[in-house]
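Work through the exercises below with the sequence and the coordinates at hand. Each task is followed by a solution in steps.

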Amino acid sequence: MARSLTVATIQLDITPEETDIRLARASEQIKQAVDTGAQLIVLPAAFNTGVTFAETTYEVTEHLTDQTHHWLHAQASEYNVRIVGSFYIVEHDDTFHRAFLVAPDGTEWHYDQQYPLLWERVFYRDGHRITVADTSLGKIGFLIGWDTAHPELWESYAAKVDMLVVLHHALDTSALQLHLADAVLKADELGRLGRWFVDSTNYQLRYDVREQAKWLGVPVICAGASGTLNTILPNPLFSVGGLLIGRSDAWQIAYEQGAEARLVVPTQRDTGVIGANGQQLAEITVDSDAFIVSELSLPDTPPMPDDTVPQPAMYTSDSARDVINVLSNGLLTLTYRRGVRRQWGARMAHMSDSTRLWLKALLSVSLIAFVLGWFFGRRD
């Protein structure tokens, strides 16, 4: 027998702002969603801070005893509603991008993003397991950001969940701009490696979510950001130089202007609810803080995907995804380690065996990138 559930998903602007202000904005959206009958409310990724790749991200990363975790519990209790939201936390010797599902009675579940995308890896490490929250509303699974481009994560939830929540601040990298002191470079004016990066990381979140939802036979609630990311880049010599590899002036620009360069990228603005048939049930179309409510019909038990139907391929190719993950986990791990140790002490970010493997891959990738940059630069 089917049962109904009223869900709300919230969109917030990506621009960083003080946590007190952002929580107040989120609280207003929650109150309005509750007034319309929402039983489950989903907030976007990094809802409490907004997003930047500047080192200030370390400073707004919180402990579980800090403000945002308490706020989530207080909101769930006050409005008698289940709330999902993700933010950056410090736990033990590392930092994570963690999604929490909090119930009114204080019960909680959490999920750590498993695949930070490139510069995200500078600020938190990867998680290593899925989470199925067995709640009174149903069995709920989680994905954050670039996780949605990985078919094995979708597959891992097959026949285990009634619904999935996706928290993100996906970027429209096809509209990327690199602002330099004397020029603004559009996506098609980057170097060969930069253009490949744009093509490969402009994963079409809505397309992937629709196809995977239909295959799994479960609805997906997506909460994302509006606005435009405007940020400096970590490790600017490497970051700017990497985006311009293939141009003869790449390293000169990176050396002379890298520290002041800014990455400006609009969000994809995919906040809404996808039905179990892959159809869009509701979506937010305004470029501002907003929420939308939708009613879902859920079966009594998690559906089983049809074994005769293959899992749909992702928008981003397997090879591109693998290379990007090597770059994220290899090239930026040492920057992450240095940053968290500077912020929280020398005992942070112990190097695991898997990290050592990524760093070996780093040497190979760096050598290849250098040779390609030199070769293509000479040809230009």
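Patches are made of residues with over 30% relative accessible area and no salt bridge, and nonpolar side chains are joined within 5 Å. The model is predicted.

**Exercise 1.** Find which residues make a nonpolar surface patch of about 220 Å², and place Trp196 in the secondary structure.

Solution.
- Step 1. The patch is made by Leu193, Trp196 and Val323.
- Step 2. Trp196 lies in helix α5, which covers residues 192-201.
- Step 3. The relative accessible area of Trp196 is 30%. Partly exposed is the class between under 20% (buried) and over 50% (exposed), so Trp196 is partly exposed.

**Exercise 2.** Determine whether strand β7 (residues 138-144) is largely enclosed or open, and give the reason.

Solution.
- Step 1. Count the buried residues of β7: 6 of the 7 qualify.
- Step 2. Strand β7 is therefore largely enclosed by the rest of the structure.
- Step 3. For the protein as a whole, 55% of the 380 residues count as buried.

**Exercise 3.** Identify the strands that pair with β7 and state the direction of each pairing.

Solution.
- Step 1. Strand β6 (residues 132-135) runs antiparallel to β7, with 4 bridges between them. A hairpin of 2 residues makes the connection from β6 to β7.
- Step 2. Strand β8 (residues 163-167) runs parallel to β7, with 5 bridges between them.
- Step 3. Follow Ile140 of β7: it is the bridge partner of Ala133, and its own bridge partner in β8 is Met163.
- Step 4. Add helix α4 (residues 151-156): together with β7 and β8, α4 makes a β-α-β unit, and the unit is right-handed.

**Exercise 4.** Describe the hairpin of β4 and β5, including the residue with a positive phi.

Solution.
- Step 1. Strands β4 (residues 94-102) and β5 (residues 108-112) run antiparallel and are joined by 5 bridges.
- Step 2. Ala99 stands opposite Tyr111 of β5.
- Step 3. Between the strands are 5 residues, and in this hairpin Gly106 takes a positive phi near 95°.

**Exercise 5.** Summarise the whole chain by its secondary structure, its contacts and its exposed area.

Solution.
- Step 1. The secondary structure comes to 11 helices and 17 strands.
- Step 2. Take the contacts with a separation of 6 or more: residues 24 or more positions apart account for 74% of them.
- Step 3. The protein exposes about 16,000 Å², of which carbon and sulfur atoms supply 53%.

Conventions:
Residues numbered from 1 in each chain as written. Predicted model: local features only at pLDDT ≥ 70, side-chain atom pairs only at ≥ 80, totals over all residues. Heavy atoms only, no water. Patch = residues over 30% accessible without salt bridge, like charges linked within 9 Å, V, L, I, M, F, W, Y side chains within 5 Å. Areas by Shrake-Rupley, 256 points an atom, 1.4 Å probe, with all protein chains shown as cover. Salt bridge = Lys/Arg side-chain N within 4 Å of Asp/Glu carboxyl O. Buried < 20%, exposed > 50% of the residue type's maximum accessible area, 1.4 Å probe, protein only. Pairing = 2+ DSSP bridges. Right-handed = clockwise from strand over helix to strand, strands pointing away. Contact = heavy atoms within 4.5 Å.
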